[in-house]
Structures are given as structure tokens and as C-alpha cells.
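Me: I'm new to this one, and I'd like a close look at a single part: the surroundings of the ligand. Could you start with burial and work your way in?

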Amino acid sequence: MAELALSEVHGRRTGGRRLRPTLWWLVTPAILFFVLFFLIPIASLFAISFDKGAQGVITFQGNLTLDNFARIFTRSLYYEAVWRSVWLGATVSVLCLIIGYPLAFVIARTLRPGAALLLTILVLASMQLDMVIRLYGMMVLMGDNGLINTALMKVGLISAPLPLMYNSFGVIVGLVQVTLPFMILSLVGAIKSINPSLEEAARSLGSTRWHAMRTVTWPLSLPGVYAGTLLVFALAISSYVVPALMGGWKVVTLPIHIYQQIAEVGRWQFGAAIGVVLFGTSLLAMAVYILALRRQAGGRM
Amino acid sequence: MSDIRLDQLTHSYGETRAVDNVSLSIAEGEFYSLLGPSGCGKSTTLRMIAGFVTPTSGRILIGGGDVTRLPPERRDIGIVFQNYAIFPHMSVAENIAFGLRLRKVPRAEIDTAVEGALAQVGLSGFGDRYQRNLSGGQQQRVALARVLVTKPRILLLDEPLSALDKALREEMKFWIKDLQQTLGITTIYVTHDQDEALTMSDRIGVMRAGRIEQSGTPREIYEEPASLFVTTFIGQSNVLDATYAGAEGPRAAAMVEGRALSAELSHALPRGSAAKLVIRPENVLMGPEAADRNLTQLPATVIGESYQGAMVRYRLRLGSQELVAERQNQAHLARWRPGETVTVGWDPGRARLLPAD
Ligand SMILES: Nc1ncnc2c1ncn2[C@@H]1O[C@H](COP(=O)(O)OP(=O)(O)OP(=O)(O)O)[C@@H](O)[C@H]1O
Ligand SMILES: [Mg+2]
């Protein structure tokens with residue numbers, strides 16, 4: 001999704017060549033898979049979100065109604081969840097950018113290729129371990145009896161454990177941990193594609209290292225910044241596992257509502273409707289972001 | 001007084017010594033070229049002077065002050081890169097204003113200076129363009145304008161013409177040289193193109209494997225090469241196997257094909273050692289031209305002739321060795337066919353005896 005949105009931002013479109021008919025069979029398996037396991041399920045969820053609520057029924061009945069949506073939009077509970085999801089997604093995007101940019105810069109510009117490779121492997125390795133395992137590891141670190149609180153209490157800096165988990169803070173830390181590699185990888189690609197002599201030209205024209213980074217590297221890496229923030233936002237806003245584990249059901253986002261409706265109460269129709277709202281929210285937030293960028297770029301991009 | 005001085009400058013990338021103990025002095029206003037084959041360390045030398053590469057050892061002095069540890073932005077140096085490095089997200093005018101903004105020049109003065117710089121490089125009216133709408137030659141001019149507008153003490157150019165086509169290269173060669181002379185700016189020019197170096201430079205440093213093999217005026221480099229490498233890298237040379245037979249007045253006597261020939265000698269050689277006698281093809285005279293008794297004279301056989309318009313090139317056999325002569329193609333001068341025998345000769349002052357490599 002981020003990719004699509006980006007080609008929009010830049011208005012850059014590669015003139016695609018027509019696929020020769022003999023090559024069609026190469027893409028058939030992928031298309032079949034996509035249709036069967038993505039389009040059909042998503043389309044049926046979309047359909048049942050307009051179905052009359054019936055506990056335990058998961059196929060489309062054809063009893064068309066807007067009741068599910070009416071229910072969502074008349075309760076402040078769900079408005080809060082929408083707002084919370086967007087706010088979390090935006091905060092996580094910004095934090096990932098702030099933390100990720102310097103590291104991405106070092107990876108992209110480090111003089112010795114060996115060191116860059118090592119850092120990239122570390123970033124990738126942190127994506128390899130299953131997310132649930134990583135999050136349990138973070139709970140060991142951040143829980144009330146976790147390493148941080150135990151250590152701080154031992155040295156006497158605090159008398160009661162700090163609330164590091166089961167709140168927005170814990171969720172944000174968890175989401176940043178999970179999405180940071182995506183941000184770093186898109187930034188590394190963008191910074192690497194900038195010709196280093198541009199920075200050097202700025203330096204010998206009188207820029208400090210910092211000024212050259214601000215006036216040359218940063219603006220030229222914006223495509224990667226946009227791609228990274230959109231990707232992280234999309235991942236964060238739709239994450240269920242992180243708010244569930246790090247928020248302990250206390251930070252209720254849209255995916256948590258969906259899970260509760262479907263897995264706990266069996267109200268598929270209502271859960272599906274919340275899903276549609278989540279998707280719409282995500283699209284709307286990205287559209288706003290892209291429009292803002294367009295305006296800021298003043299049509300130059 | 002020298003404007004730039006390199007003092008035993010060395011840089012190693014890991015095991016490779018890209019620049020090896022380079023020392024040289026460049027005078028104020030001088031146009032100095034670093035000339036050498038690919039990978040000989042020209043760019044690394046230039047990048048050390050600009051401050052992008054830290055020397056492993058040695059010092060760099062600019063105007064007498066040691067700048068070895070100064071960051072690039074404090075060296076008062078302008079550099080033009082092979083790919084021009086025009087900022088793609090800024091207009092031409094913004095590119096040129098970049099250095100002036102950093103120097104906190106007032107807005108109105110910047111605008112005037114940018115206009116002036118654009119006029120100087122013949123690009124008036126191009127201020128609103130972007131890099132993607134400029135040809136290679138225009139980008140080149142913008143890069144120069146951007147640098148010159150800040151009035152740097154030193155101008156560094158790294159193969160600035162190599163990305164241009166041949167006709168434009170010829171034109172820019174003279175244009176850059178003129179501009180440099182008008183401004184009187186001390187310039188170091190990196191190139192692997194001998195024509196550029198010979199036509200543009202006040203002095204040339206010929207580099208090979210990280211070292212400066214010879215440093216001198218274009219005439220010295222061409223006519224008094226210090227090594228076999230220099231004489232074969234710059235222009236063409238006949239290289240004949242010879243043996244050093246001892247001094248002969250101010251010159252050296254060399255045995256070539258069983259005959260004693262005299263040649264200039266610039267290196268001390270042990271008597272009897274193997275050496276090379278070097279003579280440029282345009283200095284090899286033939287037939288009536290070679291009749292003068294003061295010339296070195298040898299009998300030769302024509303084995304090939306190739307017509308080159310203004311010139312005729314002859315391949316000649318001299319005992320067991322081959323020799324190339326280049327003669328003007330003029331009506332009053334004789335021509336020879338393959339198979340004919342002819343006397344060849346040259347001014348002994350034009351022949352040099354150099355140590356075998
Ligand atoms: N960043 C680097 N890391 C490792 N080795 C390098 C690096 N840059 C250059 N070298 C090596 O140092 C040597 C000198 O390189 P340099 O770029 O100075 O040559 P050059 O004379 O400018 O060549 P060219 O005409 O191809 O530009 C070469 O052997 C090159 O492979
Ligand atoms: Mg180079």
C-alpha cells in the first residue's frame with residue numbers, strides 16, 4: 001500500500017511494457033493465490049459488515065443493513081478507538097523516523113562496507129525472531145517485576161515500580177521495536193541512492209557536516225522518509241499483537257475491538273464493520289498525509 | 001611563494017597504498033595537472049587536498065598554513081566533480097547561491113552575484129532551471145559558477161571533461177583555461193587525458209601507482225621525460241634496446257644494433273647496463289632530411305606505410321628492431337614504399353637514454 005501511495009506522491013510512473021501472452025502462465029499462480037486468499041476473504045468480510053448482526057454466523061446472509069456502522073458511529077467508545085489508533089500510528093512513525101534516520105545514514109554512508117553489512121544484518125536479524133517471542137522478551141524487561149523496575153528499586157531510585165507496560169507507553173515502545181527495521185530499510189535505500197559527491201560539494205562550499213545533512217541529504221532522502229513513515233503507520237495502526245500483549249487490553253485500539261467482537265462474542269458482522277472503519281481510517285490518514293506533502297512540495301515533485 | 005604544498009603525503013586504503021609519499025609545490029595562480037592512468041591515485045590526492053580523505057601520513061599546506069586536520073568547509077577550496085554534483089532539488093540559481101547563503105551574504109548581493117556568475121559562464125537566463133533540464137556541458141558550467149562565486153583560494157577539478165562528448169570537450173578545454181587565467185586562481189586539474197594536460201597546464205605531475213613520477217612543464221614532460229613510463233604514457237615513443245657504453249662529452253654513448261649512438265642522459269647508469277634509447281616518431285628524419293652529418297644516421301628498411309592525411313607513418317626495420325617515423329605529408333617531401341631502403345637519422349639531442357623499467 002505504501003508503495004502505491006508513493007508513486008502517487010511523486011507522480012512518477014514507469015511506462016510498463018505489455019506482458020507477452022506466453023508469459024501469463026508465470027504470474028497465474030500468484031494471481032490465483034492473491035484472489036483466493038486475499039481478495040475473496042476481504043471481500044466477504046466487507047460484505048458481511050453490511051449484514052444484519054447474527055451471533056456465530058460467518059457467511060453472507062443478504063440481510064442488508066447499516067446498523068453495524070450506525071452503532072459504531074453513535075458510540076464515543078469507537079471514536080476514541082479510531083483516534084487512539086491514528087495517534088499511536090503517527091507517534092510510532094515519528095519516533096521510528098527520529099531513531100532510524102541517524103542509523104540509516106550511518107549504514108548508507110559508512111566508509112567500510114563490512115561495517116555497513118554487519119549493521120544491516122543486525123537490523124534484519126531483529127526481524128527474524130517471531131514477534132510474540134520478542135514481545136515476551138520486552139515484557140521480561142519492562143514488567144512491574146521486570147529487569148528495569150527491579151534494578152531501579154534495588155539501587156533505590158524508585159520505591160514503587162514505574163508503569164512501563166499495560167499503557168500507551170508500553171504499546172508505543174513495542175510498536176517501535178516491531179516497525180523500526182522497516183523504517184531503517186526504506187531509509188537506507190533512499191540515502192544510498194543519493195550521490196555522495198552532493199554532500200561533498202556542499203561541504204566544500206562551506207557546509208558543516210550537519211548543515212550538509214540538513215540541506216542536501218535530508219531533502220533528497222524524502223522519498224524514503226515518506227515510504228518509511230507510511231509503511232510504519234500502516235503496520236502500527238493495524239497491529240493487534242502489540243497492543244494486546246504490551247497494552248494488556250487496556251490500550252484499546254480498533255484491531256482489539258475487532259478481535260473482541262469476532263473471537264470473543266462471535267459477532268462477525270459487527271467486527272467486520274469495525275474492520276472496514278479501520279481500513280477507511282488508514283486510507284484517510286494516508287490521503288491527508290499525501291495531500292499535505294503535495295501542498296508542501298508546491299507541485300515540484 | 002607556493003600556494004599549495006604537499007609534504008610526503010601518503011594514503012592507504014587498507015593494504016593498498018593509493019598515494020605514496022607525494023611531495024609537491026604549486027605556485028599561486030598556477031594551473032597544475034595530475035596526469036596518470038586509471039587507479040594511480042589522482043582522485044585520492046585531490047580528495048585529500050579537499051579534505052574528504054584523511055592522509056595516513058604527511059601534511060597539506062595552503063598559503064603556508066597547515067590544513068591537514070581542517071574539515072573541508074574550512075579550507076577555502078572549490079571542487080568540481082566528474083559528475084558535477086548539481087543539487088537536484090535546487091534551481092540553478094539556488095545552487096549558485098548555496099555558498100553565498102552560508103557566508104551570510106545579504107539577499108540583494110546574492111542575487112547580483114548569481115546573475116554575474118551565470119553571465120560569466122554564459123548561462124544568463126538559466127537561473128530557474130533544474131539539473132534534470134541541463135545538458136552535461138551546462139551542468140559543468142553551473143558547477144564551476146557555483147564554486148567560483150564563493151571566490152575560493154584554490155580550485156580543484158576532478159576529470160571535469162570526461163563525461164562530455166569530444167567536440168564539447170575541445171571547446172570546454174580552452175574555455176576553462178581562459179577562465180582560470182582571467183581569475184588567476186590556483187588550480188589542480190586531475191585527468192587521464194594527455195592532450196588536456198599538455199594544452200591546459202602550466203605544469204604537469206605524471207602519476208603512477210601512487211607516486212609522482214615526474215613533475216614539470218608540458219615541454220619538459222614531453223621532451224625530457226624522466227622515465228620510460230612518462231615517455232610512453234605521454235605521446236608516442238620509439239623504445240630501442242640499448243646498452244650504456246659510457247659518457248661521451250655531455251651526452252651518453254649507447255650501443256644500438258652494434259652501432260655507437262649518442263643520446264641525452266638524465267639518470268646515472270652503470271657502464272655496460274641495459275638501457276632504452278627513446279626517440280619520438282616525429283623526430284625520426286628520412287632520406288634527404290637525414291643527410292646532415294651532425295645527425296645520428298642509420299640504414300633502415302621500410303616495412304610499412306600508412307597514410308594519415310597531414311602525416312605519413314612509416315614502419316621501419318632497424319636490424320632486429322622496429323622504428324616508427326612520422327613525416328609531414330607535403331608535396332616537396334619524398335615518399336617511400338615498403339621494401340625500399342632508406343637512411344634514417346635524428347638529432348642526438350632529441351634521443352634519450354633511460355634506464356630499462
Ligand atoms: N574508497 C576506496 N576504498 C578502497 N580503495 C580505494 C577507494 N578509493 C580508491 N581506492 C583505490 O585506490 C587507488 C587509487 O584510486 P583513485 O580513485 O585515487 O585513482 P584515480 O587515479 O583517480 O583513478 P581514475 O582515473 O580511475 O579515477 C585505486 O587502486 C583504487 O582502487
Ligand atoms: Mg579518479
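Reply: Sure, let's start with a cysteine: A:Cys96 is buried, its relative accessible area being 0%. Here buried means under 20% relative accessible area, exposed means over 50%, and partly exposed is anything in between (1.4 Å probe, protein chains only). B:Cys40 counts as buried as well, at 2% relative accessibility.

Before going further, a word on the ground rules. This is a predicted model, in which local features need pLDDT of at least 70 and side-chain atom pairs count only at pLDDT 80 or more, while totals for chains, interfaces and linings use all residues. Residues are numbered from 1 along each chain as its sequence is written, chains are lettered from A and ligands numbered from 1 in the order in which they are written, and side-chain values use heavy atoms, with hydrogens and water left out.

Back to the cysteines. A disulfide is a covalent bond between the sulfur atoms of two cysteines. Over all chains, the structure holds zero of them, counting a pair of cysteine sulfur atoms within 2.5 Å as a disulfide.

B:Cys40 takes us to your part, as it is one of the residues around ligand 1. A residue joins this shell if one of its heavy atoms lies within 4 Å of the ligand. Next to B:Cys40 in the list are B:Gly39 and B:Gly41, and the shell also includes B:Tyr13, B:Ala18 and B:Pro37. By class, there are four nonpolar, five polar and two charged residues. In that scheme Ala, Val, Leu, Ile, Met, Phe, Trp, Tyr, Cys and Pro are nonpolar, Asp, Glu, Lys and Arg are charged, and the others, Gly among them, are polar.

Which element gives the largest share of the shell? That's helix 1 of chain B (residues 42-50), with three residues; a helix here is a DSSP run of H or I, at least four residues long, numbered from the N terminus.

Now for the oxygen atoms of the ligand. A polar side-chain atom of B:Ser38 lies 2.5 Å from one oxygen atom of ligand 1. The side chain of B:Thr44 puts an N or O atom 2.5 Å from an oxygen atom of the ligand. For B:Glu159, a polar side-chain atom sits 3.2 Å from a ligand oxygen. Each is a polar contact, a pair of N or O atoms within 3.5 Å. On its own, ligand 1 exposes 630 Å², and the protein buries 57% of that, with areas from the Shrake-Rupley method and a 1.4 Å probe.

How values were computed. Polar contact = N/O pair within 3.5 Å; in protein donor to acceptor, adjacent residues only side chain to side chain. Helix = DSSP H or I, 4+ residues; strand = E, 2+ residues; numbered from the N terminus.
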